[in-house]
Every structure is written in C-alpha cells, then in structure tokens.
Amino acid sequence: MKVMLLLMLSILSFQASAQEAYVCKNGTAERTVEVVYSQPGNKVPCDVQYIKSSGSQVLWSANHEVGYCESKAQAFATKLGTLGWTCSKVNNVAAEQPLIE
C-alpha cells in the first residue's frame with residue numbers, strides 16, 4: 001500500500017502544470033493560450049500552448065530564460081485581440097481579468 005501511494009505521489013509531482021493562461025473568445029469560438037511549466041514551482045522549463053477546438057500546439061519553449069514564456073503568451077493574446085478576439089487573463093484565481101476588448 002505504501003509503495004502504491006509513493007508511486008502515485010511521484011507521478012503527480014512530475015505532471016506539467018499551467019499557472020497562467022489567456023482565454024480568448026470570438027462569438028462562440030474559444031481559444032486558450034497557456035504557459036505550461038514542466039516542473040511545478042519552477043518557471044523553466046516552460047511551453048506556450050495554443051489550444052483550439054481542432055487541437056493544440058506548442059508555439060514557444062524556454063529551458064533557461066525565466067519570463068520568456070509569459071511574455072510570449074501575453075504578446076500572442078494581444079495579437080489575437082487585434083484580430084477580433086476578446087482575451088482575458090486567468091491565473092490561479094478563479095476570476096478572469098479583461099486584457100483586450
């Protein structure tokens with residue numbers, strides 16, 4: 001039983017976690033730009049993932065430069081805003097903060 005519990009905790013500790021995301025809407029369509037950290041609690045390595053109904057893709061990655069993924073995600077959400085999307089920043093907090101209207 002202890003071995004199983006330790007194994008489960010180990011697996012959960014290595015899962016990627018998202019701490020910052022932008023939810024962008026245009027009519028009924030929704031897209032998400034999120035920063036995913038490979039090591040929870042650490043800002044690198046990280047990926048910027050772009051998620052839409054047809055799938056997701058990694059747009060940028062960083063292994064050493066803290067802040068790179070966050071700035072790329074924000075810039076991409078801002079770009080989507082210029083293309084008619086309304087984006088809101090979502091952190092660990094449940095409330096959304098308007099970014100672009």
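Which residues does Leu-80 touch, not counting residues up to four places away in sequence? They are Cys-24, Val-33, Tyr-50, Trp-85 and Cys-87. The model is predicted. Several of these residues return below.

## The core

Leu-80 shares a distinction with Val-33. Among the 16 residues in the largest nonpolar core, these two touch the most other members. The core draws on several elements: S1, strand S2 (29-37), S3 and H2 each supply at least two residues. H2 gives the largest share of this core, five residues.

## Disulfides

Two disulfides are present in the structure. A disulfide is a covalent bond between the sulfur atoms of two cysteines. With bonded cysteines counted along the chain, the pattern is 1-4, 2-3. The table sets out both links.

| Disulfide | S to S distance | Angle about the S-S bond | Hand |
|---|---|---|---|
| Cys-24 and Cys-87 | 2.1 Å | 110° | right-handed |
| Cys-46 and Cys-69 | 2.1 Å | 90° | right-handed |

Take Cys-24 and Cys-87. Cys-24 sits in strand S1 (residues 17-26) and Cys-87 in strand S5 (residues 86-90), so this link ties together parts that are 63 residues apart in sequence. Is Cys-24 buried or exposed? Cys-24 is buried, because its relative accessibility is 0%, and buried means under 20%. Cys-87 also counts as buried, with a relative accessible area of 0%. Both cysteines are among the residues that Leu-80 touches.

Now Cys-46 and Cys-69. Cys-46 belongs to strand S3 and Cys-69 to helix H2, so their bond ties together parts that are 23 residues apart in sequence. Cys-46 is buried, with a relative accessible area of 1%. Cys-69 is buried at 0% relative accessibility.

## Aromatic pairs

A search of the whole structure turns up two aromatic pairs. One joins Tyr-50 and Phe-76, 5.0 Å centre to centre, with 80° between the planes. This pair is edge-to-face. It links distant parts of the chain: Tyr-50 is in strand S3 (residues 46-52), Phe-76 is in helix H2 (residues 68-82), and they are 26 residues apart.

Both rings of that pair belong to buried residues. Tyr-50 has a relative accessible area of 7% and is buried. Phe-76 is buried as well, with a relative accessible area of 15%.

Why is the pair of Trp-60 and Phe-76 edge-to-face? Their planes stand at 70°, with the ring centres 6.0 Å apart. Planes over 60 degrees apart count as edge-to-face, so this pair qualifies. Trp-60 is in strand S4 (residues 55-62) and Phe-76 is in helix H2, so the pair ties together parts 16 residues apart in sequence.

Trp-60 is partly exposed, because its relative accessible area is 24%, and partly exposed lies between 20% and 50%. Tyr-50, Trp-60 and Phe-76 together form one aromatic cluster. Tyr-50 is also one of the residues touched by Leu-80.

## A buried threonine

Thr-32 is found in strand S2. Thr-32 is buried, with a relative accessible area of 16%. What is Thr-32 in contact with, leaving aside its neighbours within four places in sequence? The contacts are Ala-21, Tyr-22, Val-23, Gln-49, Tyr-50 and Ile-51. Here Tyr-50 appears again, this time as a contact of Thr-32.

## A cis peptide bond

Most residues other than glycine have a negative phi, and most peptide bonds are trans. The bond from Val-44 to Pro-45 is cis, with omega near -5°. Where does Pro-45 lie? Pro-45 is in the loop between S2 and S3.

## The salt bridge

Side chains of opposite charge can pair when their charged atoms come close. How many salt bridges does the structure hold? It holds one. The side chains of Lys-25 and Glu-30 form this salt bridge, at 3.9 Å, N to O. Lys-25 is partly exposed, at 40% relative accessibility. Glu-30 is partly exposed too, at 45%.

## In brief

H2 recurs throughout. It supplies five residues of the core, it holds Phe-76 of the aromatic cluster, and it carries Cys-69, which is bonded to Cys-46 in S3. Leu-80 touches both Cys-24 and Cys-87, the two cysteines that a disulfide joins.

Key. Residues numbered from 1 in each chain as written. Heavy atoms only, no water. Phe/Tyr/Trp six-rings, centres within 6.5 Å; stacked < 30°, edge-to-face > 60°. Helix = DSSP H or I, 4+ residues; strand = E, 2+ residues; numbered from the N terminus. Buried < 20%, exposed > 50% of the residue type's maximum accessible area, 1.4 Å probe, protein only. Disulfide = S-S within 2.5 Å. Core = buried A, V, L, I, M, F, W, Y, C linked by side-chain atoms within 4.5 Å. Contact = heavy atoms within 4.5 Å. Salt bridge = Lys/Arg side-chain N within 4 Å of Asp/Glu carboxyl O.
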